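Welcome! Let's get to know this protein chain together through a few questions and answers.

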Amino acid sequence: RQEGGRRVFDLTATAGERRLKSGRATTTWGFDRGHLGPTLRATRGETVLVNVRNDLPETTTVHWHGMHLPAAMDGGPHQPIRSGETWSPTWKIDQPAATLWYHPHPHGRTAHHVYRGMAGLFIVDEPAASAARLPSRYGVDDVPVIVQDVNLDDDNQLDEGYSRIADVGILGDTLLVNGTVGPYFTVTTERVRLRLVNASPARVYNFGLSDDRPFALVGTDGGLLPAPHTTERVQLSPGERAEIVVTARQGERIVLRSYPPALGLDPINSRITGGDDRFDVLELRAADQLSPSPEPAATLADPPRLGVDATAPATRRFELAGTTQINGLAMDMNRIDFGVVRGTTEVWDVISPFPKPHNFHVHGTQFQVLSVNGVAPPPELAGWKDTVYTTPEVPMRLAVRFSEYADRNVPFMYHCHLLLHEDKGMMGQFVVT
Ligand code: C2O
Ligand code: CU
Ligand code: CU
């Protein structure tokens, strides 16, 4: 809806009932009749306004994961929406075309809210991205694939229990794609673009096709890669996204699967945190006649080039040890960990020394991976990122550019996106001044 020069969206957080399998319906939460949320979409240069009404019985928030915006619009733990209230953030979209997403972020409760189904896509478009020649008819050859894992009890209700030994949070045995168990998609074009979103609380997926055919990885968290990367696997930890283009042959059936992910842990820790697990994610059923699709362009986007500011502090170091702290401190809503200067770029070193899986996400920005274990990043980390898996003992160096929006009173978050860890305090906050 257009109103006063702005694109306006209305979201209402409510509980709902969802028939996931035979038997009783499952009680869920969400923004679209009580499960997941509508795909929001806006073009670079537009100003958006979102009215978020909370009809849930408790306080929530809605965070725009991956979005460049003022901290007061970010929807983190400092922008609570109490039951019965409406929050109306507004900002100007100014970043490359990308697959972003939105989800709640109430401090200490994020895992519960997301697990119950509160998540949706926010697609940023940009006219310049059409030169990439990617499939872009939404629902026809450009398909959202929001992946979540749940455990259903004997009565089909969501089981929120998790192993205290693994201590990563809920690992489900039932996969949902866009809220559906056992989904398939009818492919009618030679090429189909899948926008993969890991919206799970803890599980790392390693996506590939059932016949191991290569596909093109064309986009990561914050935008298109400089060039398509032909690969057979793409691994996503919680919060990460990837856009892939799959080439289909007429009449065939292929399955998008998740293969055992490379977590970089010892065998026992790997097994208890999902490192041996496999799933069928989405069946692709190709029609007997496929309409032609162009091949993606050889150059998709400009590579990120962030010059580190001479005035920036040497490096900041973030150590993700245990499951509740960063640099030895648990999140405190009243403690600002540091301040950065607006529009500058800093070098951040992230290290996860203890044999637990973690990842690292920064709000309000897209960053560039400068190195992994001291060497140039692999092709899948060559584009804009906002969340990276931090393999234990493998240091990552990031170039992080901060927003142009200064606000010394409202912080942005950085945290582990395994939602149990985030909720337990593996999170910190910084302000842009
Ligand atoms: Cu997607 Cu602070 O999170
Ligand atoms: Cu975020
Ligand atoms: Cu973690």
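Q: How many of the residues of strand 16 are buried?
A: Keep in mind that this is a predicted model. A residue counts as buried if 20 or more other C-beta atoms lie within 10 Å of its own. Strand 16 is mostly covered, and the number of its residues that are buried is six of six.

Q: Through how many residues does a hairpin join strand 16 to strand 17?
A: Strand 16 and strand 17 run antiparallel, with five bridges joining them. Within this pair, leucine 217 has histidine 229 of strand 17 as its bridge partner. The hairpin that joins strand 16 to strand 17 passes through two residues.

Q: Which residue in strand 19 stands opposite leucine 217?
A: Strand 16 (residues 215-220) also pairs with strand 19 (residues 241-247), in the antiparallel sense and over three bridges. Alanine 216 stands opposite valine 245 there. For leucine 217, the residue standing opposite in strand 19 is isoleucine 244.

Q: Which are the edge strands of the open sheet with the order 12-11-14-19-16-17?
A: Six strands make up this open sheet, and their pairing is mixed. From one strand to the next, the twist averages 25 degrees. An edge strand here pairs on one side only, and that description fits strand 12 (174-177) and strand 17 (223-231).

Q: In the open sheet of five strands, which residue of strand 27 is the bridge partner of phenylalanine 360?
A: This sheet has the order 23-30-29-25-27 with mixed pairing, and its edge strands are strand 23 (338-340) and strand 27 (387-390). The twist averages 30 degrees from one strand to the next. Strand 25 (residues 358-362) pairs with strand 27 in the antiparallel sense over four bridges. In strand 27, the partner of phenylalanine 360 is valine 388.

Q: What distance separates the centres of domain 1 and domain 2?
A: The domain assignment gives domain 1 (2-125), domain 2 (132-291) and domain 3 (316-432). Taken over C-alpha atoms, the centres of domain 1 and domain 2 are separated by 22 Å.

Q: Which elements give two or more residues to the side of domain 1 that touches domain 2?
A: On the domain 1 side, 28 residues are in contact with 25 residues of domain 2. By class, that side of domain 1 holds twelve nonpolar, twelve polar and four charged residues. The elements that give two or more residues to it are strand 3 (26-30), strand 9 (98-103) and helix 1 (110-115).

Note on methods. Residues are numbered from 1 along each chain as its sequence is written. Chains are lettered from A and ligands numbered from 1 in the order in which they are written. This is a predicted model: local features need pLDDT of at least 70, side-chain atom pairs count only at pLDDT 80 or more; totals for chains, interfaces and linings use all residues. Two strands pair if DSSP finds at least two bridges between them. Axes are lines fitted to C-alpha atoms, for helices over the stretch in contact, and angles run from 0 to 180 degrees between N-to-C directions. Domain bounds come from an automatic or database domain assignment. Two residues are in contact if their C-beta atoms, placed from the backbone, lie within 7 Å. Ala, Val, Leu, Ile, Met, Phe, Trp, Tyr, Cys and Pro count as nonpolar, Asp, Glu, Lys and Arg as charged, and the others, Gly among them, as polar. A residue is buried if 20 or more other C-beta atoms lie within 10 Å of its own, exposed if 12 or fewer, and partly exposed in between; C-beta atoms are placed from the backbone.
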